[in-house]
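User: I am new to reading protein models and would like to go through this one step by step. Could you explain each term as we need it?

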Amino acid sequence: MKIAVDAMGGDHAPAEIVRGAVEAARAYRQEIILVGDRDKILAELGQLIPEQIEVFHAPEIISMEEQPAVAVRRKRQSSIVQAVRLVKEGRAAALVSAGSTGAAMAASLLGLGRIQGIDRPAIAGLLPRSGGVTVLLDAGANVDCKPHHLLQFAIMGSLYAEKILGVSRPRVGLLNVGEEETKGNELTLATFPLLRQAKINFIGNVEGRDIFSGTVDVVVCDGFVGNIVLKSGEGLAMALLGMIKEEVTRSWLAKMGTAMAISALKSFERRIDYAEYGGAPLLGVNGVSIICHGSSSARAIKNAIKRAREAVETGLVSAIRSSIEDSAEHQKVGVN
């Protein structure tokens, strides 16, 4: 299994991307294809190149400022387009990119296509919570959705939680302004009965606080709301960490207490750091595509490669395909 990594995507490319790929190659014995400007990649690799690393030359780069769909069509030799092509041609089993989210989505959609029965792929973000993580989707791919889109998100999110996170019978909740079935806007009111009839462990409406409480494993919403929740969660985590650091430096007594609890504090910092989770899969495309944070560090890239590998090994795409087909057949029977 080879994983294609967009070496030129991200705020710290190619240095951090290459370093993360090397760390993954050594830690997991993972074969990796670094896609991008060959000279720049080789300069970062230096003399000690792991035998699992291969370089594929792609001279063009799509910047964050470019219109994704247009840039993907015009820049066929860009690192993200070529990484997707390697997956499409079977030369790589998955791809990882920290570049423009829009470009990664557009390239994956155009290059890999959608799984039959999926209208809109969704980004599955991971948010730390008590006892593990909560899968949130859509995290920003689709700002406007219809009820059947959210149904598809729920099915895909449930499978991701089960196969990648190892959650048995993941609890799926619909993000709403209240727990009652009668609350919400037109979208949530129409989505609720679809989720209740679906072959998932739907527990009903959930509120924003439930995302972090451990009462739900998968939270479904449109991409507009999901992206705000995701970014708010990241901001809150950073603010909390900053406030804790401020408080522990206020007095010598606090510093002494901190010294005793340093292990717990470091563990807490790792849990709320997005780099710990690597990247978010674009679920619904006909292949494994992992989208990383633009400011991804080497550790984030290393973990994203691990997520991509897990998705391939567990047959995530095939499982989604089978579940969507089963759901469509179930709906036909219900209508008849």
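Analyst: A salt bridge is counted here when a side-chain nitrogen of Lys or Arg lies within 4 Å of a carboxyl oxygen of Asp or Glu. Please keep in mind throughout that this is a predicted model.

User: Which residue forms a salt bridge with Lys183?

Analyst: The closest N and O atoms of the pair are 3.6 Å apart, and the cut-off asks for a separation within 4 Å. Lys183 is partly exposed at 38% relative accessibility, and its partner is also described as partly exposed, with a relative accessible area of 42%. The residue that forms the salt bridge with Lys183 is Glu180.

User: How many salt bridges does the count come to by this rule?

Analyst: Besides the pair just discussed, the model has a salt bridge between Lys75 and Glu66, whose closest N and O atoms are 2.9 Å apart. In that pair Lys75 is partly exposed, with a relative accessible area of 22%, and Glu66 is partly exposed at 25%. There is also a network of salt bridges that links Glu16, Arg19 and Glu23. By this rule the count comes to 14 salt bridges.

User: How many residues apart are Glu54 and Lys2, the pair that links distant parts of the chain?

Analyst: Glu54 and Lys2 form a salt bridge in which the closest N and O atoms are 3.2 Å apart. Glu54 belongs to strand β3 (residues 53–57), while Lys2 belongs to strand β1 (residues 2–6). Glu54 is partly exposed at 32% relative accessibility, and Lys2 is partly exposed at 30%. Along the chain, Glu54 and Lys2 are 52 residues apart.

User: Is α1 oblique or roughly parallel to α2?

Analyst: Two packed helices are described by the angle between their axes and by the distance between those axes. Helix α1 (residues 15–28) and helix α2 (residues 38–45) pack at an angle of about 60 degrees, and their axes are 9 Å apart. Because of that angle, the term for how α1 lies relative to α2 is oblique.

User: In which kind of crossing does α1 pass α2, left-handed or right-handed?

Analyst: A crossing is named by the way the near helix is turned from the far one by less than a right angle, with anticlockwise called left-handed and clockwise called right-handed. For α1 passing α2, the crossing is right-handed.

User: Is Phe224 buried or exposed?

Analyst: Phe224 lies in helix α8, which covers residues 223–248. Together with Val143, Val225 and Ile228, Phe224 forms a nonpolar patch on the surface, and the four have about 350 Å² of accessible area together. A residue counts as exposed when its relative accessible area is over 50%. Since the relative accessible area of Phe224 is 52%, Phe224 is exposed.

User: How far apart are the C-alpha atoms of Glu234 and Pro128?

Analyst: Glu234 is also found in helix α8, and at 22% relative accessibility Glu234 counts as partly exposed. Glu234 and Pro128 are 106 residues apart along the chain, and their C-alpha atoms are separated by 9.8 Å.

User: Is Ser296 buried or exposed?

Analyst: Ser296 lies in the loop between β12 (288–292) and α11 (298–313). Ser296 and Ser97 are 199 residues apart in sequence, and in space they are 9.7 Å apart from C-alpha to C-alpha. A residue counts as buried when its relative accessible area is under 20%. With a relative accessibility of 1%, Ser296 therefore counts as buried.

Terms used: Residues numbered from 1 in each chain as written. Predicted model: local features only at pLDDT ≥ 70, side-chain atom pairs only at ≥ 80, totals over all residues. Heavy atoms only, no water. Patch = residues over 30% accessible without salt bridge, like charges linked within 9 Å, V, L, I, M, F, W, Y side chains within 5 Å. Areas by Shrake-Rupley, 256 points an atom, 1.4 Å probe, with all protein chains shown as cover. Helix = DSSP H or I, 4+ residues; strand = E, 2+ residues; numbered from the N terminus. Buried < 20%, exposed > 50% of the residue type's maximum accessible area, 1.4 Å probe, protein only. Axes fitted to C-alpha atoms, helices over the stretch in contact; angles between N-to-C directions. Parallel < 35°, antiparallel > 145°, perpendicular 65-115°, else oblique.
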